[in-house]
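Here is a short briefing for a first look at the structure. Begin with the view below, then follow the topics in turn.

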Protein chains: 2
Amino acid sequence: MTLKIETLAIGDELLDGRLADTNSQMLARDLVDLGITLSRQTVVGDAVEEIAEAVRRAAERADIVVTSGGLGPTTDDLTAEGVAQAAGVSIRLDEPSWERIQSLFAARGLELPENNRRQAEVPESARILENQKGVAPGFVTEVGSAEVWSFPGVPREFQHLQTAHLIPHLKGRLSATSLFTETLRCLGATESKVGSVIEPIEGRYPNLRFQYRAHFPEILLRLVGSERAEVERAADEAEEAIGRSVYGRGEASLAERVLHALEAAGQTLATAESCTGGLIAKTLTDVPGASRVYRGSVVAYEDDVKVALLDVEEATLKAHGAVSQAVATQMAEGARTRLRADWAVSTTGIAGPGGGTLEKPVGTVCIALAGPRGTKARTLHLPIPERERIRSMSAAVALRELLSAFR
Amino acid sequence: MTLKIETLAIGDELLDGRLADTNSQMLARDLVDLGITLSRQTVVGDAVEEIAEAVRRAAERADIVVTSGGLGPTTDDLTAEGVAQAAGVSIRLDEPSWERIQSLFAARGLELPENNRRQAEVPESARILENQKGVAPGFVTEVGSAEVWSFPGVPREFQHLQTAHLIPHLKGRLSATSLFTETLRCLGATESKVGSVIEPIEGRYPNLRFQYRAHFPEILLRLVGSERAEVERAADEAEEAIGRSVYGRGEASLAERVLHALEAAGQTLATAESCTGGLIAKTLTDVPGASRVYRGSVVAYEDDVKVALLDVEEATLKAHGAVSQAVATQMAEGARTRLRADWAVSTTGIAGPGGGTLEKPVGTVCIALAGPRGTKARTLHLPIPERERIRSMSAAVALRELLSAFR
């Protein structure tokens with residue numbers, strides 16, 4: 001059995017370019033784990049007739065319609081009215097919700113504007129969904145043979161209601177009590193390349209779903225199925241087929257893996273960045289607790305900074321140029337010594353758009369890894385014309401090099 | 001006169017969570033400059049009947065429907081068929097488009113798969129739109145009294161066709177030949193605060209459109225009108241009303257302004273980052289040509305790195321703690337000296353989630369600016385519980401401090 005599910009996002013701010021409907025994608029990703037693909041998404045503005053018409057149409061096509069937005073306290077917030085009109089019922093004040101709103105405001109010592117009463121108003125026939133992340137409750141209303149689930153538009157609140165109420169309900173309806181997923185994390189392969197090597201494996205496992213998610217420079221391949229052993233077997237085959245581009249399995253990011261591997265080994269890390277200009281440092285320190293492992297970075301955008309703070313030799317710069325394995329090596333070793341770390345990675349390259357030459361075109365990046373057992377350097381020739389992508393690929397490859405040292 | 005415009009994005013990858021429809025927002029932003037708000041957005045999967053039904057419905061409601069996606073060479077690409085079915089016409093091969101595809105492949109020395117012929121197939125009655133950024137042409141088809149414009153889904157190609165064909169056409173239909181816009185860039189005010197001080201001004205200029213776009217931590221307020229003098233007058237009043245939170249006008253980002261101001265003055269910049277962990281360096285080096293001004297950074301995540309590379313005194317660390325104006329001051333001065341720059345900014349703070357105390361809770365951030373005329377430091381108390389937001393707000397405030405020094 002499968003279910004037809006549509007989303008309906010409501011709000012003028014989604015139609016005039018201020019915001020994009022990100023809730024539908026968030027829901028779609030969770031649904032895919034249940035073997036469900038959204039059948040349609042619609043976005044309409046803050047107008048009762050529009051909302052009611054869109055709800056009615058969606059309820060004709062789908063088993064479940066999930067609306068987002070339009071549950072705030074202002075007169076522009078018309079979702080309850082629209083859904084009620086589609087259901088052919090009136091609006092009621094839900095007393096428990098109204099009491100909860102009053103006590104929320106009281107607890108924060110805030111005066112309660114009369115407007116907020118609207119947030120406790122729901123279609124007569126609606127069932128209330130508790131919202132622990134915000135003021136307005138969600139609710140479920142029957143429209144024809146469909147269930148219309150109405151959630152606030154704030155992504156944090158939408159996600160909470162989705163996770164706390166909708167997904168468990170769907171699991172119940174699908175009796176899909178035990179779905180297993182495995183994620184292969186790939187760096188250095190394109191989606192089409194991964195797709196083509198996976199195709200024969202996909203053919204051999206008709207009960208599994210294979211999903212791709214591209215977050216440049218990474219590709220995540222997710223396998224979903226109802227039997228853990230089958231999912232794992234297929235994941236093993238997929239990893240074998242994709243080869244060295246798989247850097248790990250599961251949810252942890254590349255930066256998290258690097259930090260965990262170092263922490264487990266009781267070792268520390270420093271970085272020396274030229275073309276990535278702080279991106280590696282930023283990526284590592286995005287992770288809470290990075291300070292247990294990460295000591296810091298010298299972002300040496302200018303050559304004399306490489307000399308002054310990383311002990312790169314002027315003669316090396318002169319002989320090989322700043323974008324060279326020799327300079328990358330000295331940068332990594334300098335960072336390791338100066339920042340007193342067990343490991344250091346460095347980058348120096350040409351991210352463009354300017355600065356390329358015939359010998360060292362834009363996309364030439366040298367990376368070095370210095371560690372307790374010495375230093376090794378390599379040169380990347382990235383056939384990517386965009387500064388941002390050259391930088392993010394370089395940062396990812398540098399972290400990947402480091403992770404490989406712990407295998 | 002105004003026009004009703006809807007978008008219809010087509011593709012299974014938009015329904016299973018792999019991608020979000022970003023083209024609709026891109027179009028919405030350009031339309032708003034013409035005084036048009038999208039009236040609806042729809043997303044459907046790769047199925048002819050679904051596409052045809054959605055096109056028909058949209059064409060009943062709107063004057064113009066813009067479809068994106070489904071113009072590729074595979075059998076999943078069904079937009080031409082769907083639109084043709086909605087229009088009640090058959091499909092034809094457009095010979096000039098087919099010749100162009102053949103010569104594109106020949107010029108690259110590539111073999112032309114027979115499949116790509118599909119990309120020259122359009123509804124019988126369609127008018128072709130040249131696509132200089134890709135293989136598949138766009139096309140316009142009449143469905144009832146509406147025009148259906150079909151563009152490829154690749155954002156770069158969608159944007160090209162939007163800019164090259166659709167927007168000029170709309171300007172012609174609206175005879176809106178001359179719209180002027182001005183953007184006020186705000187940091188340190190919430191959208192609701194900006195909204196409330198702007199409301200009376202909005203009331204005085206009924207011919208202008210006021211649009212907000214929030215990119216945390218910034219708010220951009222855009223004024224659009226047909227008379228330059230009126231737009232500028234309103235922008236002056238708005239800037240006056242919002243006050244110090246406005247850091248500039250126009251399209252250039254905060255980092256770009258900092259780099260331009262320094263370059264114009266022939267001066268250089270270094271940074272010393274603790275809690276922002278490389279984010280300021282990354283933000284500055286995102287801008288091509290940053291190296292003309294930016295010398296580098298010391299990301300001193302650990303205290304002893306602050307001592308070793310930034311000459312922070314151990315006694316200062318002991319007396320005031322790492323998160324203090326005294327340490328921020330020494331960090332900025334150390335970066336200025338060690339990296340031989342005219343200016344340096346520093347950050348040291350508690351981004352969380354751990355590390356907060358009663359005296360210095362999460363969100364406490366000290367920022368210092370060292371320059372030719374001395375150093376000044378300040379402390380922020382950010383009431384934001386998210387690590388990422390604390391970091392991005394801190395980085396923006398540091399850059400803003402520097403920009404203010406050039407006023």
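Just past helix 4 of chain A, Gly109(A) adopts a positive phi of about 65°. This is a predicted model. The model scores ipTM 0.76 and pTM 0.78. The points below start with that helix, then move to confidence, domains, the chain pair and local backbone features.

**Helix 4**
- Helix 4 of chain A covers residues 95–107.
- Its 13 residues should span 18 Å at 1.5 Å a residue, and the end C-alpha atoms are indeed 18 Å apart, so expectation and model agree.
- Gly109(A), with its positive phi, comes just after this helix.

**Confidence**
- The average pLDDT of chain A is 93.
- In chain A, 99% of the residues score at least 70.
- Where pLDDT is low, predicted coordinates should not be read in detail.

**Domains of chain A**
- The domain assignment splits chain A into domain 1 (5–174), domain 2 (180–249) and domain 3 (254–404).
- The centres of domain 1 and domain 3 of chain A, taken over C-alpha atoms, are 47 Å apart.

**How the two chains are related**
- Chain A superposes on chain B by a rotation of 180°, with 0.3 Å of shift along the axis. The RMSD is 0.3 Å.
- That is the relation of a two-fold axis.
- The copies meet through the same surface, because 100% of the interface residues of chain A are also interface residues in chain B.

**The interface**
- Contacts link 49 residues of chain A with 49 residues of chain B.
- On the side of chain A that touches chain B, the elements giving two or more residues are helix 1 (23–33), strand 2 (40–44), strand 10 (209–215), helix 9 (279–285), strand 14 (294–300) and helix 10 (303–310).
- Which of these gives the most? Strand 14 of chain A does, with seven residues.
- By class, this side of chain A has 21 nonpolar, 17 polar and eleven charged residues.

**Strand pairing between the chains**
- Strand 2 of chain A pairs with strand 2 (residues 40–44) of chain B. Five bridges join them, and the strands run antiparallel.
- Val44(A) has Arg40(B) as its bridge partner in strand 2 of chain B.

**Strand pairing within chain A**
- Strand 10 of chain A, one of the elements at the interface, is joined by seven bridges to strand 11 (residues 218–225) of chain A.
- Strands 10 and 11 of chain A run antiparallel.
- A hairpin of two residues joins strand 10 to strand 11 of chain A.
- His215(A) stands opposite Glu218(A) in strand 11 of chain A.

**Cis peptide bonds**
- Most residues other than glycine have a negative phi, and most peptide bonds are trans. The features below depart from this background.
- In chain A, the peptide bond from Gly352(A) to Pro353(A) is cis, with omega near 0°.
- Pro353(A) sits in the loop between strand 15 (343–349) and strand 16 (364–371) of chain A.
- In chain B, Gly352(B) and Pro353(B) are joined by a cis peptide bond, with omega about 0°.
- Pro353(B) lies in the loop between strand 15 (343–349) and strand 16 (364–371) of chain B.

**Positive phi outside glycine**
- Asp311(A) is not a glycine, yet has a positive phi of about 60°.
- Where is Asp311(A) placed? Asp311(A) is in the loop between helix 10 and helix 11 (314–320) of chain A.
- Helix 10 of chain A is also among the elements on the side that touches chain B.

Conventions: Residues are numbered from 1 along each chain as its sequence is written. Chains are lettered from A and ligands numbered from 1 in the order in which they are written. This is a predicted model: local features need pLDDT of at least 70, side-chain atom pairs count only at pLDDT 80 or more; totals for chains, interfaces and linings use all residues. Two residues are in contact if their C-beta atoms, placed from the backbone, lie within 7 Å. Helices (H or I, at least four residues) and strands (E, at least two) are DSSP runs, numbered from the N terminus. Ala, Val, Leu, Ile, Met, Phe, Trp, Tyr, Cys and Pro count as nonpolar, Asp, Glu, Lys and Arg as charged, and the others, Gly among them, as polar. Two strands pair if DSSP finds at least two bridges between them. Copies are superposed by least squares on the C-alpha atoms of residues with pLDDT of at least 70 in both. Domain bounds come from an automatic or database domain assignment. The expected span of a helix is 1.5 Å times one less than its number of residues. pLDDT is the predictor's confidence in each residue, from 0 to 100.
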